[in-house]
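Please walk me through this model. I am new to it and would like short statements on how its parts meet.

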Protein chains: 2
Amino acid sequence: MAGPEGSRYYDIFLNYSVWLEARRESIVISAEGLKLLDEIRQEGSIVTAARKMGISYRKAWGLLKEVENLIGFPLVEKHRGGAAGGKTTLTTEGSELVSAYDELNSDIDVAMKGIAKKFFRKINRMSGHEK
Amino acid sequence: MAGPEGSRYYDIFLNYSVWLEARRESIVISAEGLKLLDEIRQEGSIVTAARKMGISYRKAWGLLKEVENLIGFPLVEKHRGGAAGGKTTLTTEGSELVSAYDELNSDIDVAMKGIAKKFFRKINRMSGHEK
DNA sequence: TATCGTTATGTATATTAATTCCTATCGGGA
DNA sequence: TCCCGATAGGAATTAATATACATAACGATA
């Protein structure tokens, strides 16, 4: 994220993360979890999604379990067996959540463009750093 | 962050974090590091700042060292000795960076208000969740 | 019904991060 | 000159995470 010209300082740029939280500091779905759901939606498989994210299957599986415990409704539908060995798909709700999250991110991206530009304008003008 | 009415689903809300990054995945200053600088600015002491953040002095000190290694200019000025034992203040640049970060956060907060509202409007309308 | 690849889990190992513990240095003020 | 409390930083311990490994259940299909 973060564009060129004025929205960075040398090679430094702003990055961000958004997640779902409950109460104080109790994460319901981390950005990583949401990313995982997104990959599962695309791949239809936990194994492949984990591979694509560079995490172990065990971790992905644990993440899903945690998510299922915390969110109030089912997000994935897991199937074992079959020719392909099995598959995992998102429920309608899961799919809608991920879509909403995707759009959320693109909305933030847009907003961040301007905000980051303002931020780096300041940074670039910081005392003695006109170089 | 995230207001009431329409910008949350039951007790679930959106939270976010912004940090400075270089290249891909190489964090220059984490949100935690920026928070630490902020506290140091207010407290004038690493010890107190760490205490307020609920982290060990050792960790805070390590964070600062890391920051100093990665950012291209000094952000803090540390003094040992003296009646009070010592103190740590932000340099002009450090102070400006923290101010810029503070304003960045409040800008994002404002932007997030609307974006989160849109997000939760969708979530609340998700199939079968009108309950 | 034998196969194959995925989901499902426990356990053990490895890796990484953070806390705890020490010991030293510093320097203004009593 | 000595003291106090903060900075400085190495080293060991503990905690938290992740990976590796191993084994089982599954079930559509050839």
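The report below covers the two protein copies, their helices and the DNA strands.

This is a predicted model, in which local features need pLDDT of at least 70, side-chain atom pairs count only at pLDDT 80 or more, and totals for chains, interfaces and linings use all residues. Residues are numbered from 1 along each chain as its sequence is written, chains are lettered from A and ligands numbered from 1 in the order in which they are written, and side-chain values use heavy atoms, with hydrogens and water left out.

**The two copies**

Chain A superposes on chain B by a rotation of 180° with 0.0 Å of shift along the axis, at an RMSD of 0.0 Å. The two copies are thus related as by a two-fold rotation axis. The superposition is by least squares on the C-alpha atoms of residues with pLDDT of at least 70 in both. Within chain A, S17(A) comes closest to the rotation axis, at 2.7 Å (C-alpha). Of the interface residues of chain A, 100% are also interface residues in chain B, so the copies meet through the same surface.

**Helices α1 and α3**

Helices (H or I, at least four residues) and strands (E, at least two) are DSSP runs, numbered from the N terminus. In chain A, the axes of α1 (residues 31-43) and α3(A) come within 10 Å and cross at roughly 105°. That makes α1(A) roughly perpendicular to α3(A). Axes are lines fitted to C-alpha atoms, for helices over the stretch in contact, and angles run from 0 to 180 degrees between N-to-C directions. Roughly perpendicular covers 65 to 115 degrees.

In chain B, the axes of α1 (residues 31-43) and α3(B) also come within 10 Å and cross at roughly 105°. On the α1(B) side of the contact (heavy atoms within 4.5 Å) are E32(B), L36(B), L37(B) and I40(B). They meet K59(B), A60(B), L63(B) and L64(B) of α3(B). By class, this contact of α1(B) with α3(B) has six nonpolar, no polar and two charged residues. Here Ala, Val, Leu, Ile, Met, Phe, Trp, Tyr, Cys and Pro count as nonpolar, Asp, Glu, Lys and Arg as charged, and the others, Gly among them, as polar.

**DNA strand D**

A residue is near a strand if one of its heavy atoms lies within 4 Å of it. There are 23 residues around DNA strand D, and G82(A), I46(B), V47(B), K78(B) and G85(B) come nearest. Sugar and phosphate make up 67% of the strand D atoms within 4 Å of the protein. The surface near strand D has seven nonpolar, 10 polar and six charged residues. Elements that each supply at least two of its residues include α3 (57-70) of chain A and α2 (46-53) of chain B.

**DNA strand C**

DNA strand C has 23 residues around it, with I46(A), V47(A), K78(A), G85(A) and G82(B) nearest. Of its atoms within 4 Å of the protein, 64% belong to sugar or phosphate and the rest to bases. Elements that each supply at least two residues of this surface include β3 (76-80) and β4 (86-90) of chain A.

**Polar contacts with DNA**

A polar contact with DNA is a pair of N or O atoms within 3.5 Å.

| Protein atom | DNA atom | Distance |
|---|---|---|
| G81(A), backbone N or O | strand D, base oxygen | 3.0 Å |
| G85(B), backbone N or O | strand D, base nitrogen | 2.8 Å |
| K78(A), side-chain N or O | strand C, phosphate oxygen | 3.4 Å |
| G81(B), backbone N or O | strand C, base oxygen | 3.0 Å |

How values were computed: A polar contact is a pair of N or O atoms within 3.5 Å; within protein, one must be able to donate a hydrogen and the other to accept it, and residues adjacent in sequence count only if both atoms are side-chain atoms. Angles under 35 degrees count as roughly parallel, over 145 as roughly antiparallel, 65 to 115 as roughly perpendicular and the rest as oblique.
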